[in-house]
Amino acid sequence: MKKLLFLSLCAISIMAISTSCKKKGPAEKAGEKMDEAIEDVQDSVNPKGPVEKVGEKIDDAVGE
């Protein structure tokens, strides 16, 4: 009985996390812009190779 209750709670937790709010707030948007700016500075100092650029384009297309 305890095992069934535990598994049920785990399943409910996973469902709640996966259906959480997907809308980004202003702090998250600002943080992403700062991350992009830092990445641009790093790229100017140490440019990326063609394979890494393609990988980033794939990540952007997939939404990661």
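The accessible surface of this chain adds up to about 6100 Å², and 66% of that belongs to carbon and sulfur atoms. Areas like this come from the Shrake-Rupley method with a 1.4 Å probe, and for residues only the protein chains shown count as cover. What you're looking at is a predicted model, where local features need pLDDT of at least 70, side-chain atom pairs count only at pLDDT 80 or more, and totals for chains, interfaces and linings use all residues. Residues are numbered from 1 along each chain as its sequence is written, and side-chain values use heavy atoms, with hydrogens and water left out.

**Overall build**

The chain has three helices and zero strands, so its pattern along the sequence reads α-α-α, with helices (H or I, at least four residues) and strands (E, at least two) taken as DSSP runs and numbered from the N terminus. How spread out is it? The radius of gyration is 19 Å, while a compact globule of 64 residues would be near 11 Å. That radius is taken over C-alpha atoms, and the globule rule is 2.2 Å times the number of residues to the power 0.38. Along the principal axes, the C-alpha atoms fill a box of roughly 60 × 30 × 20 Å.

Just 2% of the 64 residues count as buried. Here, buried means under 20% relative accessible area, exposed means over 50%, and partly exposed is in between (1.4 Å probe, protein chains only).

**Lysine 48 and its partners**

The structure holds four salt bridges. The term stands for a side-chain nitrogen of Lys or Arg within 4 Å of a carboxyl oxygen of Asp or Glu. Lysine 48 takes part in the ones below.

| Pair | N to O distance |
|---|---|
| Lysine 48 and glutamate 39 | 3.5 Å |
| Lysine 48 and aspartate 43 | 3.6 Å |
| Lysine 48 and glutamate 56 | 2.1 Å |

Together, Glu39, Asp43, Lys48 and Glu56 are linked in a network of salt bridges. Is lysine 48 buried or exposed? Lysine 48 counts as buried because its relative accessible area is 14%. Its partners are a bit more open to view: glutamate 39 is partly exposed at 36%, aspartate 43 is partly exposed at 24%, and glutamate 56 is partly exposed at 28%.

For a sense of distance, take isoleucine 14, which lies in helix α1 (residues 2–18). Isoleucine 14 counts as exposed because its relative accessibility is 59%. The C-alpha atoms of isoleucine 14 and lysine 48 are 37 Å apart, with their positions 34 residues apart along the chain.

**Charge and patches on the surface**

There are 10 positive and 12 negative side chains, and the centres of the two sets lie 11 Å apart. Lys and Arg count as positive and Asp and Glu as negative, while His and the chain ends are not counted. The place of each charge is taken as NZ of Lys, CZ of Arg, CG of Asp or CD of Glu.

Asp35, Glu36, Asp40, Asp59 and Asp60 gather in a patch of negative charge on the surface. Helices α2 (26–45) and α3 (50–62) each give two or more residues to this patch, and the largest share, three residues, comes from α2. Patches are made of residues with over 30% relative accessible area and no salt bridge: like charges are joined within 9 Å, and nonpolar side chains (Val, Leu, Ile, Met, Phe, Trp, Tyr) within 5 Å. Aspartate 40 sits in helix α2 and is exposed, with a relative accessible area of 52%.

There's a nonpolar patch too: Val54, Ile58 and Val62 make one of about 280 Å². Isoleucine 58 is found in helix α3.
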